[in-house]
Amino acid sequence: MIRSQYDFRKPINYIRYGRMSDPGQNPSSPDQQFATVDLALGRCGYNHWNHLTDYRDDGISGRFLRKRLAYQKMLFDIKSGAVSPDVILVDDIDRFGRVDDLKEIRRDLYHKYGVLVLDAKSNFGDPNTPQGRMYNAMEEVRAVEEGKTKAHRVFRGKRDAISRGRWSGGKPPFGYQLETHQEVINGRPRSYSIIVPDPETANTIKLLFRKADETGWGQDRLSKFLNNHEDVSEHHKPFHGSTVGSWLDNEIYIGKMVWPKVTTDIISDCRVIEKIPVEEQLCIDDYCTPIVEHDVFDRVRRIRKARGQLRKAALTESTPQSDKQIKAPAPGMTLRYLLTGLVRCGHCNRSMVPSRGGSYVTKNNETREYTAYACPGYKSGICSNNKTIPEKWLRQMVIDAIKCRLFPSS
């Protein structure tokens with residue numbers, strides 16, 4: 001059995017890592033964490049340890065890994081040999097991360113690079129002892145589950161507020177504004193908010209639904225209509241197609257609250273969105289004052305539903321369907337076109353998207369399709385770039401450029 005090859009009584013090289021989740025927190029929070037680490041070092045009699053450097057992330061959730069730039073730099077410096085610490089010291093283990101694979105990360109650091117992650121809360125206890133392993137296992141579970149417990153309490157409070165016709169917090173929907181009220185509970189005054197139509201933005205919502213009802217246009221044409229309309233305040237422009245689509249589907253504009261529609265989580269550094277079953281949703285018909293008539297909303301919804309079914313049917317024809325019951329929560333993306341997300345508009349710097357045309361048959365009886373990249377901002381009227389770039393041509397240009405870079409001519 002491999003035994004530990006270090007002695008805490010001897011000089012040990014260490015780096016400190018600090019993190020705070022909310023940018024609205026005390027900006028000195030990581031500094032306070034470093035001070036707590038130093039106090040614990042003195043209390044344990046480890047003043048002879050050698051401090052190498054510090055890494056800190058401000059305003060980044062511990063459930064993310066790749067987005068924590070200082071954290072990634074710390075790992076890169078360790079793996080590249082730029083720094084050679086024996087231990088990484090943190091105030092509490094949840095400052096290092098709140099991810100499910102925290103155990104694997106710590107084990108990888110130790111086995112491959114000889115680096116331990118120790119926390120001041122346990123007085124830097126040896127994690128390789130039976131007591132240390134038990135403590136680490138409990139703390140790693142706590143670091144992950146504590147966030148879920150807090151989220152459950154917040155969810156419970158929001159559900160209670162909504163069931164009482166009150167706003168649960170955050171920015172109100174476009175078209176509404178907050179109205180504050182007071183109540184007395186146990187002799188103490190408390191304030192709460194409800195949402196009421198905002199005179200300026202509510203007119204924009206009415207204009208949108210009226211146009212959608214009259215024309216049957218899609219969300220991109222409707223967003224372009226709003227961006228070019230003189231009665232819509234320039235302060236709220238530009239409008240994007242996806243935003244307009246979400247407004248057209250939101251029952252709040254007929255005074256009905258449906259909550260929650262989706263639940264989110266972070267898995268493998270990706271925000272995963274999952275729909276909530278209808279039977280688990282809270283529906284309140286007279287939650288607020290409506291902005292749009294019910295019959296108008298219903299007609300627009302039927303139009304969008306029919307268009308969505310056509311789009312889904314077309315997608316089903318080109319995409320093989322799987323009857324697999326358990327699906328991966330964060331499977332990543334399978335890109336049909338290799339340059340997706342890499343092509344940028346030269347006017348507005350938006351990510352250009354591939355648009356596939358209909359299939360056609362060549363003179364040699366080969367079935368082909370025409371695909372071109374276009375700026376999504378042009379459809380919404382917020383970008384003047386109406387150029388389309390053939391995907392096949394662009395892909396070949398990129399391949400040629402890579403070949404020239406890798407194999408320069410002598």
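**A parallel sheet, its helices and the spaces around them**

Valine 90 of strand 3 faces aspartate 119, its opposite residue in strand 4. The two belong to a predicted model, and they offer a handy way into its parallel sheet. Strand 3 and strand 4 run parallel and are joined by four bridges. Moving across to the other partner of strand 3, three bridges pair it with strand 1, again in the parallel sense; here isoleucine 15 stands opposite isoleucine 88 of strand 3. Strand 1, which covers residues 13-20, also pairs with strand 2 through seven parallel bridges, and tyrosine 17 is found opposite tyrosine 55 of strand 2.

Put together, these pairings give an open sheet of four strands in the order 2-1-3-4. Strand 2 (50-58) and strand 4 (116-119) have a single partner strand each and stand at the edges, so one side of each has no neighbour in the sheet. From one strand to the next, the twist averages 25 degrees. Helix 2, residues 69-80, packs on this sheet and touches strand 1, strand 2 and strand 3, with a direction that makes about 145 degrees with that of strand 2.

Strand 3 deserves a second look for its side chains. Val87 and Leu89 point one way from the strand, while Ile88 and Val90 point the other way, and all of them are buried. A buried arginine can be added to the picture: arginine 106, in helix 4 (residues 102-113), has a relative accessible area of 10%, and with the cut-off for burial at under 20% it therefore counts as buried. Its contacts beyond the neighbours within four places in sequence are Ile93, Val115, Val117, Asn136 and Glu140. Among these, Val117 falls within the span of strand 4, residues 116-119, and both Asn136 and Glu140 fall within that of helix 5, residues 130-163.

Several loops show backbone geometry worth checking on screen. Most residues other than glycine have a negative phi, and most peptide bonds are trans. Against that background, asparagine 123 has a positive phi, near 60 degrees. Its place is in the loop between strand 4 and helix 5, and at 34% relative accessibility it is partly exposed. Asparagine 186 also has a positive phi, near 55 degrees; this residue sits in the loop between strand 5 (176-185) and strand 6 (188-197). With a relative accessible area of 77%, asparagine 186 is exposed.

Two cis peptide bonds can be described in the same spirit. One joins lysine 237 to proline 238, with omega at about 0 degrees, and proline 238 is located in the loop between helix 7 (219-228) and helix 8. The other runs from tryptophan 259 to proline 260 and has omega near -10 degrees; proline 260 lies in the loop between strand 7 (257-259) and strand 8 (262-267).

Helix 8 itself spans residues 241-248, and its buried residues are Gly241, Val244, Gly245, Trp247 and Leu248. Viewed down the helix axis, these buried residues fall within an arc of 160 degrees, so they line one face of helix 8. An α-helix has 3.6 residues a turn, so residues three or four places apart point the same way.

Where, then, is empty space left? Rolling a probe the size of a water molecule over the atoms shows it. The count comes to one cavity of 30 Å³ or more, and the largest cavity has a volume of about 40 Å³. Leu248, one of the buried residues of helix 8, takes part in its lining, together with Ala212, Gly216, Trp217, Leu222, Val300, Ile303, Arg304 and Arg307. Helix 9 (residues 294-318) provides the largest share of this lining, with four residues.

The largest pocket holds about 1400 Å³ of space. It is lined by 41 residues, of which Trp259, Pro260, Val262, Thr263 and Thr264 are the closest to its centre. Tryptophan 259 and proline 260, joined by a cis peptide bond, are thus placed among the residues closest to the centre of the pocket. Two or more lining residues come from each of helix 5, helix 8, strand 7, strand 8 and strand 9 (270-275). Helix 5 gives the most, with eight residues.

How values were computed: Residues numbered from 1 in each chain as written. Predicted model: local features only at pLDDT ≥ 70, side-chain atom pairs only at ≥ 80, totals over all residues. Heavy atoms only, no water. Pairing = 2+ DSSP bridges. Axes fitted to C-alpha atoms, helices over the stretch in contact; angles between N-to-C directions. Contact = heavy atoms within 4.5 Å. Buried < 20%, exposed > 50% of the residue type's maximum accessible area, 1.4 Å probe, protein only. Arc of directions from axis to C-beta. 1 Å grid on protein atoms, 1.4 Å probe; cavity = no way out; pocket = protein on both sides within 12 Å on 5 of 7 lines; lining within 4 Å. Points joined across faces, edges and corners; volume = space filled by probe spheres on them.
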